[in-house]
Amino acid sequence: MATHSTYNYQAHPATSDKTWVKWTLIGVAVAFMVIMLVVPLMAVFYEALKDGWGAYILALTDPDARHAIKLTLITTAIVLPINIIIGVALAYLITRHKFKGKFIITTLLDLPFAVSPVVAGLMFVLLFGANTLIGGFFEGLGIKIIFATTGIVLATLFVTFPFIAREIIPLMQSIGDSEEEAALTLGASGWQMFWHVTLPNIKWALLYGIILTNARAMGEFGAVSVVSGHIRGQTNTMPLMIEIAYNEYAFTTAFALSSILALLALITLAVQQLMSRKTHQR
């Protein structure tokens, strides 16, 4: 007598849900996301534009708002290339070299994820404040760190530098180094191997990390708030200016700047999905 060796797991009551259970879960998930994500996001854009495009543009062209946007873009432009260099170098070091104390580097790499951004800002104040040894030294050279753009860049760099490395490391570990060894065996130099083998293999993960870093750098509030001093027209980034405008009941300005950050978040999500699909198609 013949027996069936194929087991229909989908039909088994322990491995499949009834239709009503599935649709209930879908309904709860959709309702939660609409209430907690979609509606608040739409409210931001509504409040920003409810007085018309003229008021919206006027709010964004206010001198303080323009300076906040400019400072945010400058900070991001400085932080991104530094993060790319450090992130790729750390990922290559961790995945391609064996040395004592590697676990210390990998542990420290996650430190910004564990430390509150406010605490990170306080650390920089304690280290580079005008009354500290290091801060006083730089002050003597005419270089102001705390309550200046330099401090904002340092604080933003601290909270963002793990993103690129943490995106690249798992991919480089899964790919292995066989292709790189083959390139070196065929006579390629270290730089040739990196540009023609390593970089093409990690390009999507690198771009993904850059997008995350960019979004976090533009939206960072806690660490930047501590080191900036909230000096209007000098050290206020977009998130800090949003808080000030809201507290002063300048709601159009607050929501106009918020809409810029929200739009950035939406673009980031869209590009993330594109990168994810490209990666899975490889």
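## Reading an all-helix model, one feature at a time

Reader: Before anything else, what share of the contacts with a separation of 6 or more comes from residues 24 or more positions apart?

Author: That share is 70% in this protein. Keep in mind that we're looking at a predicted model.

Reader: How many helices and strands are there?

Author: The protein has 14 helices and 0 strands. Read from the N terminus, the order is simply α-α-α-α-α-α-α-α-α-α-α-α-α-α. As for overall form, the radius of gyration is 24 Å, well over the 19 Å that the globule rule gives for 282 residues, so the protein is more spread out than a compact globule. Along the principal axes, the C-alpha atoms fill a box of roughly 90 × 60 × 30 Å.

Reader: Where does pLDDT stay under 50?

Author: Look at residues 1–11, for which the model has 5 contacts beyond four places in sequence. Across the protein the average pLDDT is 86, and 91% of the residues score at least 70. Among the elements, helix H8 (residues 149–160) has the highest mean, 94, and H14 the lowest, 81.

Reader: Now the inside. Which residues have the most contacts inside the largest nonpolar core?

Author: The general idea first: in soluble globular proteins, nonpolar side chains tend to be buried together. Here, the largest nonpolar core has 18 residues, and those with the most contacts inside it are Tyr56, Leu60, Ile242, Ala256, Leu257 and Leu261. At least two core residues come from each of helix H1 (19–49), helix H2 (53–60), helix H3 (63–96), helix H13 (238–247) and helix H14 (251–281). H14 gives the largest share, 6 residues.

Reader: Pick one for me. What does Leu257 touch?

Author: Leaving aside residues up to four places away in sequence, Leu257 touches Leu60, Ala65, Ile69, Met238, Met241 and Ile242. Apart from that core lies another one, of 17 residues, including Ile94, Leu109, Ala165 and Met172. For the whole protein, 36% of the 282 residues count as buried.

Reader: How many aromatic pairs does the structure hold?

Author: It holds 11. Take Phe124 and Phe128: their ring centres are 6.1 Å apart and their planes sit at 15°, so this pair is stacked. Both are in helix H6 (residues 117–128), 4 residues apart, about one turn of the helix. Phe124 and Phe128 are both buried.

Reader: And which kind of pair do Tyr249 and Phe251 make, stacked or edge-to-face?

Author: Their centres are 5.9 Å apart and the planes meet at 90°, so they're edge-to-face. Tyr249 counts as exposed, at 64% relative accessibility, while Phe251 is partly exposed at 35%. Ring pairs also link Tyr246, Tyr249, Phe251 and Phe255 into a cluster.

Reader: Last one, backbone angles. What is the phi of Phe147?

Author: Phe147 has a positive phi of about 65°, although it is not a glycine. You'll find Phe147 in the loop between helix H7 (133–140) and H8. Its relative accessible area is 41%, so Phe147 is partly exposed.

Reader: Where is His230 found?

Author: His230 is in the loop between helix H12 (222–228) and H13. His230 also has a positive phi, about 55°, and is not a glycine. With 28% relative accessibility, His230 counts as partly exposed.

Terms used. Residues numbered from 1 in each chain as written. Predicted model: local features only at pLDDT ≥ 70, side-chain atom pairs only at ≥ 80, totals over all residues. Heavy atoms only, no water. Core = buried A, V, L, I, M, F, W, Y, C linked by side-chain atoms within 4.5 Å. Buried < 20%, exposed > 50% of the residue type's maximum accessible area, 1.4 Å probe, protein only. Contact = heavy atoms within 4.5 Å. Phe/Tyr/Trp six-rings, centres within 6.5 Å; stacked < 30°, edge-to-face > 60°. Rg over C-alpha atoms; globule rule 2.2 N^0.38 Å. pLDDT = per-residue confidence, 0-100.
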